[in-house]
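This report looks at how two helices pack against each other and at the pairing of charged side chains. The structure under discussion is shown here.

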Amino acid sequence: AEHLLSIDFSEEQMRKIATRYVKQRSFKPDVERNVKPVLKWLTSLGLSELQVQKVACRNPEILGHSLENLMRPVVQWLEEVGLGVDQIPKVIARFPALLGCSVEENLKPKALWLSKVGLSNDQ
């Protein structure tokens, strides 16, 4: 098993991450500069070890995303639109691809469109 931070990934999980990441990216993320900080941050948001493992296996590209420029702004935006601190880990665990979306170019325009067609924040 590969031990990154306090998250123990099985060999099978590491193979899935590596295989999917290579298919989606032309570079490997730097473990110290990218992977470990992302895993630590996901844990700090309240995701369990199992949730972090699933997120990394399903969307390994997030391990190379910028925390400052991409992922933190997404979480901040989720808070601004009304998600509670307890809801954010659940949303990320269920829809990890959100962490790869631009707030300005993707999430805000979609939220605006949804509000125009009649969906409210409560829905």
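## Helix packing and salt bridges

In this predicted model, helices α2 and α4 run roughly parallel to each other, because the angle at which they pack, about 15°, falls under the 35 degrees that bounds this class. Helix α2 covers residues 31-44 and helix α4 covers residues 67-80, and their axes lie 12 Å apart. The handedness of the crossing between α2 and α4 is right-handed.

On the side of α2, the contact is made by Pro37, Val38 and Trp41, which meet Leu67, Met71, Arg72 and Val75 of α4. The residues of this contact between α2 and α4 comprise six nonpolar ones and one charged one, with no polar residue among them.

The second topic is the pairing of charged side chains. Side chains of opposite charge can pair when their charged atoms come close. With a salt bridge taken as a side-chain nitrogen of Lys or Arg within 4 Å of a carboxyl oxygen of Asp or Glu, the count in this model is three. The pairs are set out below.

| Salt bridge | N to O distance |
|---|---|
| Glu32 and Lys36 | 3.1 Å |
| Glu68 and Arg72 | 2.1 Å |
| Lys108 and Glu104 | 2.9 Å |

How far apart along helix α2 are Glu32 and Lys36? They are four residues apart in α2, and therefore about one helical turn separates them. Glu32 is exposed, its relative accessible area being 54%, whereas Lys36 counts as partly exposed at 26% relative accessibility.

In helix α4, Glu68 and Arg72 are likewise placed four residues apart, about one turn of the helix. Glu68 is exposed, with a relative accessible area of 54%, while Arg72 counts as partly exposed at 34% relative accessibility. Arg72 links the two topics of this report, since its side chain meets that of Glu68 in a salt bridge and Arg72 is also among the α4 residues that meet α2.

The remaining pair belongs to helix α6, which covers residues 103-116, and here Lys108 and Glu104 are four residues apart and so are separated by about one helical turn. Is Glu104 buried or exposed? Glu104 is exposed, at a relative accessible area of 53%, and its partner Lys108 counts as partly exposed, with 34% relative accessibility.

Notes
Residues numbered from 1 in each chain as written. Predicted model: local features only at pLDDT ≥ 70, side-chain atom pairs only at ≥ 80, totals over all residues. Heavy atoms only, no water. Axes fitted to C-alpha atoms, helices over the stretch in contact; angles between N-to-C directions. Helix = DSSP H or I, 4+ residues; strand = E, 2+ residues; numbered from the N terminus. Parallel < 35°, antiparallel > 145°, perpendicular 65-115°, else oblique. Left-handed = near helix turned anticlockwise from the far one by under 90°. Contact = heavy atoms within 4.5 Å. Nonpolar A, V, L, I, M, F, W, Y, C, P; charged D, E, K, R; others polar. Buried < 20%, exposed > 50% of the residue type's maximum accessible area, 1.4 Å probe, protein only.
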